[in-house]
Amino acid sequence: MTVVPAFLSGLVAARRARRRSGLVPAVVIGLYLLVAVAGPLLISYDPVRTPLEDRLLSPGAVTSSGGTAPLGTDALGRDVFAQVVYGARTSVLIGLTTVTVCLLVGVAIGCVAGYYRGWVDSVLTRLVDILQAFPGILLAIVIAGVFTPSLWVIILALSVTGWISFARVARSVVLSVRERYWVDAARLLGVRPRRLLGRHIMPFTVGPLVAMATLEFALVVLAEAGLSFLGIGLPASSVSWGQTVANGKEYLNSAWWISAAPGLALSVLVISVGLLGDTLTARYGRARSR
Amino acid sequence: MSITPCLRAAGLLTIALALSACSIGSGGGAGRNAAGQAIVASGTFVIDNIDPGSAQGGSAGKELAGQQIYGRLAKPDASGKLVPDLAEAWKPSADARSWDFTLRGGLKFSDGSPLTAEDVVASFDRLIQINGPYAANYKGVTAKAGSDTTVTFTSPAPDPALPGKLTTLFVLPSGVPADAASYFAKPVASGPFMVESFKPSAELKMVPNPNYWGGAPTVKSLTIRSIPDVAAKLAALRTGEVDVVWGVPDDQIPALRSDASLKVEAVPSNGNFTMWFNSGTPALKEAKVRRALWQAVDFGTIIKQLYPVTGQPADSPLAPTVFGYAPQTPIAYDPGAAKKALEEAGYPFDKPLRLQFGQAQFKPFLQAVVSSWAKIGVRADLLQKEQAVFIEDLLAMKWDVNFQLLGTAGYDAATNLGRLYPCAAKRTGYCNPDLDELLAKAGSATDQDERKGLYAQASRIIWDDAVGMFPMTSKVSYVWNENVSGFTLDALGYPDFSKATGSGN
């Protein structure tokens with residue numbers, strides 16, 4: 001008799017644990033967002049200012065102006081902690097903007113293809129196939145390399161292939177939902193296609209797309225850091241984790257903190273977003289839609 | 001399936017980490033190349049082109065490659081004194097309008113054909129015809145072969161610096177057309193090495209030239225590899241993939257000195273950090289503005305902090321080892337006065353200056369310069385350009401401030417001041433008839449003391465009018481594996497490998 005309640009409570013505990021598993025990454029991501037929004041208001045940092053007398057100070061050292069550099073300084077005497085904070089804003093900004101652009105473009109194309117089917121679908125699907133033949137990061141490197149570096153060029157470069165997965169998910173959801181009875185019923189009642197799509201079909205794409213967007217966000221943040229690391233990302237006047245990592249790579253033996261601090265910040269963010277994305281996918285995602 | 005994107009993210013992350021991690025070298029496990037007596041070198045200059053006459057591909061890389069592959073009439077030794085190369089002797093006419101060069105007897109190209117005075121003349125004519133950067137050294141000069149072994153160069157005005165200038169004339173066989181990209185995939189050599197394979201901007205592999213007059217080098221091969229990334233370059237040195245590197249950043253030198261298998265030495269170069277202002281830019285037209293911009297940069301601190309080993313504040317457009325060097329009054333750091341002068345001159349503070357440079361190693365220095373300017377409100381965009389684009393834009397004057405580490409070929413002011421600063425050279429946008437006259441006179445004076453005086457006056461105009469900023473004379477730091485020896489530690493970063501040897505370990 002005692003076995004059954006124990007078994008049941010075990011089940012309940014396991015379910016609770018599963019629910020909570022999304023909590024830690026969500027808190028971590030929340031912290032990043034907080035730092036991205038509030039950090040630059042509290043800490044001032046100018047990437048152009050290079051106090052050379054403070055160069056290569058180790059974490060916790062006191063700078064010539066009397067302040068403390070909690071994560072040390074780089075080869076030009078700039079505070080690494082401030083770079084991590086400002087880099088968080090850049091990463092979050094680029095991540096959110098790119099994902100939004102991808103989401104809008106991808107959902108629009110996916111829904112149109114899935115709803116109208118026929119030749120519209122064929123053309124759009126082929127377009128997606130062609131774009132998918134290029135490795136995304138390679139295409140981004142080409143685009144970012146051709147234009148003068150700026151925030152918008154990076155967003156464009158990362159969006160060019162980013163919308164594809166959204167389009168595919170949206171299309172597959174729409175394809176199946178449009179065959180359901182309530183859609184038929186609405187159609188028989190004379191609901192116009194645009195309203196039909198917006199009111200009766202698209203709400204069903206939200207779950208998988210949100211899960212998808214989370215994972216895409218991690219990829220975008222990582223890709224931006226990669227481009228900046230290679231020197232074809234953001235202009236030198238802005239702060240990016242990738243740039244800071246690149247600035248420190250000559251000093252890995254002597255001043256490891258320059259690369260380590262932004263590298264760690266990047267890793268923790270990407271892993272947290274990935275974990276949260278997996279939790280969301282398990283809850284709302286549709287395995288067959290991908 | 002649901003986990004794939006996360007894995008993808010993790011994969012990308014690994015790549016990003018690996019990209020930075022791969023540059024940590026951990027001491028030599030891999031076999032040292034010198035054991036096979038093949039030397040791999042990696043310097044500062046990217047070799048884009050090995051056609052010595054061509055205007056394309058930057059001069060420094062071409063010079064480095066050229067000195068290995070082609071012979072010259074004369075070459076400078078470590079102290080800057082001219083020593084015989086293909087020519088064994090030379091002498092001027094009484095008025096120094098013409099110079100007779102006598103070639104060594106029995107010279108041969110790498111393909112076995114004889115190297116005669118006609119080939120020297122043809123190489124010279126080709127250089128003039130292509131009109132590359134060095135052609136400006138030879139205004140109106142003509143070459144004529146007297147016999148198989150004598151060449152006479154005749155100049156419209158006396159030109160006592162001609163032998164020094166001719167150190168940039170590399171000898172090719174006659175008959176090489178001006179536009180011969182395919183020929184230079186495997187050119188016939190007249191120097192110690194001949195080309196085995198050449199990948200522009202990446203790698204130049206050479207083998208000894210059996211017909212070299214000084215005897216074929218003893219190494220199996222010489223490879224000059226371009227590794228733009230300093231960390232990767234030093235990692236390659238530590239693992240033994242590369243045997244000799246030069247142009248190592250000062251911050252890396254203490255760590256390299258502590259490695260027992262490496263040797264480190266910094267030699268004074270004849271190169272100055274040269275930051276021309278484009279006087280053709282409306283904002284930079286006035287000397288007052290250019291001087292103020294110079295005054296605004298705290299070069300003393302920058303040099304002390306960034307170049308403690310290889311830097312030394314410059315006091316002339318020329319390095320101290322160059323003939324014609326004359327010290328000038330240093331320009332003191334005074335941001336207050338600079339700001340005031342700029343405001344008085346109506347300098348447009350809202351318009352950023354385009355500061356262009358080619359090599360990544362100079363980025364921190366230039367960032368510090370930009371930082372100094374920012375303190376008084378002058379904005380500058382730092383533009384790092386790929387070497388070929390950099391040269392193209394440099395010649396097309398698509399810049400406001402240009403950074404170069406400028407050496408002086410032949411250790412004579414004629415190839416630097418005389419070539420770059422006359423109005424006709426169109427290199428800096430600066431034009432001053434007085435300076436033109438001085439340089440022309442200095443170029444043709446036969447008395448060495450008189451030339452020295454004239455170049456001192458010319459230096460003074462260039463310095464005081466701030467045609468450019470001349471902040472620093474640099475040393476070249478060489479680091480090499482102890483089992484390689486016999487190459488020269490060249491002051492310009494063009495080491496001579498003809499006598500190099502590598503011993504097994």
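Trainee: How many of the 14 residues of β17(B) are buried?

Mentor: In this predicted model, a residue is called buried if 20 or more other C-beta atoms lie within 10 Å of its own. By that cut-off strand β17(B) is mostly covered, and the number of its 14 residues that are buried is 13.

Trainee: Which residue of β17(B) is the bridge partner of Val267(B)?

Mentor: Val267(B) belongs to strand β12 (residues 262-277) of chain B, which pairs with β17(B) in the antiparallel sense over 11 bridges. Within β17(B), the bridge partner of Val267(B) is Val476(B).

Trainee: And which residue of β17(B) is the bridge partner of Gln312(B)?

Mentor: Here the strand to look at is β13 (residues 311-313) of chain B, which is joined to β17(B) by three bridges, again in the antiparallel sense. On the β17(B) side, Gln312(B) has as its bridge partner Thr473(B).

Trainee: Is Ala466(B), in the loop before β17, buried or exposed?

Mentor: Ala466(B) sits in the loop between α14 (448-464) and β17 (468-481) of chain B, and its phi is near 45°, a positive value in a residue other than glycine. Because 25 other C-beta atoms lie within 10 Å of it, Ala466(B) is buried.

Trainee: Met397(B) also has a positive phi; how many C-beta neighbours does Met397(B) have inside 10 Å?

Mentor: The phi of Met397(B) is near 60°, and this residue, too, is not a glycine. Met397(B) lies in the loop between α11 (387-395) and β16 (401-406) of chain B. It counts as partly exposed because its number of C-beta neighbours inside 10 Å is 17.

Trainee: Turning to the open sheet of four strands in chain B, which strands stand at its edges?

Mentor: The strands of this sheet follow the order β4-β5-β7-β6, with antiparallel pairing. Each edge strand has a single partner strand, so one side of each is left without a neighbour in the sheet, and these strands are β4 (87-92) and β6 (142-145) of chain B. From one strand to the next, the twist averages 20°.

Trainee: What angle does the direction of helix α3 make with that of β6(B)?

Mentor: Helix α3 (residues 117-130) of chain B packs on the sheet, where it touches β5 (98-103), β6 and β7 of chain B. Of these, β6(B) is joined by four bridges to the antiparallel strand β7 (residues 150-154) of chain B, and Lys144(B) has Thr152(B) as its bridge partner in β7(B). Between the direction of the helix and that of β6(B), the angle is about 165°.

Note on methods: Residues numbered from 1 in each chain as written. Chains lettered and ligands numbered in written order. Predicted model: local features only at pLDDT ≥ 70, side-chain atom pairs only at ≥ 80, totals over all residues. Helix = DSSP H or I, 4+ residues; strand = E, 2+ residues; numbered from the N terminus. Buried ≥ 20, exposed ≤ 12 C-beta atoms within 10 Å, placed from the backbone. Pairing = 2+ DSSP bridges. Axes fitted to C-alpha atoms, helices over the stretch in contact; angles between N-to-C directions. Contact = placed C-beta atoms within 7 Å.
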